[in-house]
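Q: I would like a close look at one part of this protein, the surroundings of its ligand. Please take me through it step by step.

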Amino acid sequence: MDVMNKPNVTVIGLGQMGAALADAFLSAGHPTTVWNRTPGKADALVARGAVRAATVAEAVAASELVVVCVLDHPAVRELLAPVAESLRGRVLVNLTSGSPEQARAEAEWAAAHGIGYLDGGIMTTPPGVGDSANMILYAGSPELLAAHRATLEVLGDPVDLGPDAGLASLYDAGLLGLMWSVFGGWLHATALAGADGVAAKEFTAVANRWLKTVSWFLSTYAEQIDAGEYPGSDATIDIQVATIGHLLEAGEARGIDGRLPRLHLELMREAAAAGHGGDSYARLVEIFRGE
Ligand code: FVH
């Protein structure tokens with residue numbers, strides 16, 4: 001703790017993301033110790049006031065809160081297993097991406113060594129770190145998150161997913177899947193509009209408003225999914241099978257690749273063929289579940 005009462009923080013891993021995390025802690029006035037396998041990547045942070053640790057052990061010893069953000073979970077284990085005893089009694093915040101299974105294994109390893117553990121998912125890219133509009137997902141110990149919330153808030157808005165350490169990775173993977181689906185739909189639509197001379201910026205201004213309506217659809221359909229009932233009282237799968245035909249035709253007429261809308265059509269037809277054409281689009285969740 002320094003004179004400004006900001007707790008010390010250690011950041012291990014100074015790739016694009018780790019450097020942004022350390023930078024955010026420094027900007028908020030936290031005494032920040034850094035370590036990276038390639039030491040030169042710490043230079044700019046040291047010039048801004050960070051303390052360079054010569055070893056991982058030195059980095060761990062400098063702070064109660066130790067943030068690690070490296071390539072993957074095997075790299076985390078490789079770095080931290082030799083310093084497990086030094087980590088005992090400290091709090092390890094692992095912001096490295098991985099699978100839910102890897103996160104749970106890391107939490108078990110930490111518990112076996114008396115290390116407090118929070119697993120995290122950073123829901124932004126490095127330039128978005130430090131902006132409270134962006135979420136950082138945490139799972140593993142609501143008590144530890146509450147105790148260190150003021151420090152972790154510096155990185156982005158902390159979202160508590162509860163005690164199952166695997167959930168931050170699970171949400172992260174699912175949310176990235178959602179992002180890629182949105183990117184795909186948007187790029188397909190932008191190519192379609194662009195074929196008639198509409199600039200991407202012009203189309204995207206309207207698309208962004210549409211996404212707010214789509215977000216409202218999601219909330220409505222989430223209730224249906226939790227209830228296991230999919231009343232087609234707003235729009236049926238049958239009507240959407242007919243509607244997507246317009247998208248396919250417009251795309252074909254303009255030479256636009258139709259693989260993405262054809263996949264949607266295939267899923268809708270499968271639901272309709274199973275007798276669910278009168279249901280809402282949310283019924284497709286059962287296809288994804290393999291039901
Ligand atoms: N960049 C992003 O937008 C995403 C956003 C969401 C979260 N991801 C995850 O963050 C982890 C780090 O990603 P990154 O973007 O910082 O990646 P790089 O810039 O490539 O830096 C990688 C760092 O990992 C170090 N490293 C790799 N292997 C080892 C190892 N065996 N032992 C020690 N350190 C290792 C590497 O060190 P060096 O190459 O500089 O010596 C970098 O510090 C990642 O899980 C993303 O999925 C980022």
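How do the residues of the shell around the ligand divide into nonpolar, polar and charged?

A: A word of caution comes first: this is a predicted model. The shell around the ligand divides into 9 nonpolar, 10 polar and 3 charged residues.

Start with the nearest neighbours. There are 22 residues around the ligand, and Gln16, Met17, Asn36, Thr38 and Lys41 come nearest.

Now look at single atoms. Lys41 places a polar side-chain atom 2.7 Å from an oxygen atom of the ligand. Met17 takes part through its backbone: a polar atom there is 2.8 Å from a ligand oxygen. Ser97 uses its side chain, where an N or O atom is 2.9 Å from an oxygen atom of the ligand. How much of the ligand does the protein cover? On its own, the ligand has 900 Å² of accessible area, and the protein covers 76% of that. Two elements give two or more residues each to the shell: helix 1 (16–27) and helix 4 (73–80).

Follow helix 1 away from the ligand. The largest nonpolar core has 29 residues. Leu21, Val93, Leu95, Tyr138 and Leu155 touch the most other members. Several elements give two or more residues to this core, among them helix 1, strand 5 (91–94), strand 7 (135–139) and helix 7 (142–152). Helix 1 gives the largest share, 7 residues. So helix 1 appears in both places: it gives residues to the ligand shell and to this core. In soluble globular proteins, nonpolar side chains tend to be buried together.

Take Leu155 as an example from the core. Leave aside its neighbours within four places in sequence. Leu155 is then in contact with Leu21, Ala24, Phe25, Leu95, Val129, Gly130, Asp131, Ile136 and Tyr138. There is also a second, separate core of 21 residues, which includes Val60, Val76, Leu87 and Ala107.

Last, step back to the whole chain. It contains 12 helices and 8 strands. Its C-alpha trace spans about 65 × 45 × 30 Å along the principal axes. Of the 291 residues, 38% are buried. Take the contacts between residues at least 6 apart in sequence: 61% of them join residues at least 24 apart. The accessible surface of the chain comes to about 15,200 Å², and carbon and sulfur atoms hold 59% of it.

Key:
Residues are numbered from 1 along each chain as its sequence is written. This is a predicted model: local features need pLDDT of at least 70, side-chain atom pairs count only at pLDDT 80 or more; totals for chains, interfaces and linings use all residues. Side-chain values use heavy atoms; hydrogens and water are left out. A residue is near a molecule or strand if one of its heavy atoms lies within 4 Å of it. A polar contact is a pair of N or O atoms within 3.5 Å; within protein, one must be able to donate a hydrogen and the other to accept it, and residues adjacent in sequence count only if both atoms are side-chain atoms. Accessible areas come from the Shrake-Rupley method with a 1.4 Å probe; for residues, only the protein chains shown count as cover. Helices (H or I, at least four residues) and strands (E, at least two) are DSSP runs, numbered from the N terminus. Ala, Val, Leu, Ile, Met, Phe, Trp, Tyr, Cys and Pro count as nonpolar, Asp, Glu, Lys and Arg as charged, and the others, Gly among them, as polar. A nonpolar core is a set of buried Ala, Val, Leu, Ile, Met, Phe, Trp, Tyr and Cys residues joined through side-chain atoms within 4.5 Å. Buried means under 20% relative accessible area, exposed over 50%, partly exposed in between (1.4 Å probe, protein chains only). Contact means heavy atoms within 4.5 Å.
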